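Me: I would like to understand how certain descriptive words are earned in a structural model. Could you take me through the reasoning step by step?

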Amino acid sequence: MEEIGFLGLGIMGKAMSMNLLSHGFKVTVWNRTLSRCDELLEHGATIGETPAAVIKKCKYTIAMLSDPAAALSVVFDKDGVLEQIGSGKNYIDMSTVDAETSSKISEAITSKGGCFLEAPVSGSKKPAEDGQLVILAAGEKALYDAALPVFDVLGKKSFYLGQVGNGAKMKLVVNMTMGSMMNAFSEGIVLADKSGLDPQTLLDVLDLGAIANPMFKMKGPSMIQGKYPPAFPLKHQQKDMRLALALGDEHSVAMPVAAAANEAFKKARSIGLGDLDFSAVHETIASNKGSS
């Protein structure tokens, strides 16, 4: 895997591409807004004008796109992946999508003779920069094995989960749990503050107990300050809640906690917080707390 194509240079894709470059891989990048490629160009990347051009040039291409619509568009639209995919070409989609979208892309790629692997990741901006993502792969096992040197650069652990769709489902379950936790955490911070306690002391107490976790430790201090620099944009978290709830519908799983969390994220989007970090859901509760 000496040369890698990379489609999508958002918060995650940019960090992952930079990691590959710094570990000696040759990387050809594409982004819908081509100016996003400039910084990677300075670090030795080359630019592909279209997704099709990247596929044509590279034996292995990774995609890291924002949502199912973007993932489908890059594959099926004019100058898309399908125009150049074929025998000997490999496509690894690391976007967070639903299982149905992943299966649709897989069928299209394999029907043209290409190999497909879905490999969504658990982790946001900092883990992406540090090569500490958790990779949730499913699909062609031979491609998974071939991709391990790349996954070892991008992540701290890779899981092979079997058939296409299982990676997508695992990612949605993880993000649904995370979104529900963030809402409970936000309520706790506001309740502590409203009832006359120091929220920082709450963080200290939580960090010493059974529910201590890296997310509370990392997000709590900035939430208390009302700062939400986007490591994982709230609009994407809400999209994942929606997709997870749809998965719950499909399997008749009652998810009242996740449903309530989704409503809070939707409220946050409606008041213009979608591009901030998902921890900004705290503002939907904090803004109702009155003066303290």
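Reply: What follows takes up a helix pair and then two loop residues. This is a predicted model, in which local features need pLDDT of at least 70, side-chain atom pairs count only at pLDDT 80 or more, and totals for chains, interfaces and linings use all residues. Residues are numbered from 1 along each chain as its sequence is written, and side-chain values use heavy atoms, with hydrogens and water left out.

Me: Why are H8 and H10 called oblique to each other?

Reply: The axes of helix H8 (residues 166-194) and helix H10 (residues 214-224) come within 11 Å and cross at roughly 45°. Angles under 35 degrees count as roughly parallel, over 145 as roughly antiparallel, 65 to 115 as roughly perpendicular and the rest as oblique, and H8 and H10 are therefore oblique.

Me: Which residues of H8 and H10 meet?

Reply: With contact meaning heavy atoms within 4.5 Å, the residues of H8 that meet H10 include Met178, Phe185 and Ile189, and those on the H10 side include Phe216, Lys219 and Met223.

Me: What makes Asp79 partly exposed?

Reply: Buried means under 20% relative accessible area, exposed over 50%, and partly exposed in between (1.4 Å probe, protein chains only); Asp79 has 29% relative accessibility, and therefore counts as partly exposed. Asp79 lies in the loop between helix H4 (68-76) and strand E5 (90-93), and has a positive phi of about 65° although it is not a glycine.

Me: Why does Ser252 count as exposed?

Reply: Ser252 has 70% relative accessibility, and so counts as exposed. Ser252 is found in the loop between helix H11 (234-250) and helix H12 (256-270).

Definitions and conventions:
Axes fitted to C-alpha atoms, helices over the stretch in contact; angles between N-to-C directions. Helix = DSSP H or I, 4+ residues; strand = E, 2+ residues; numbered from the N terminus.
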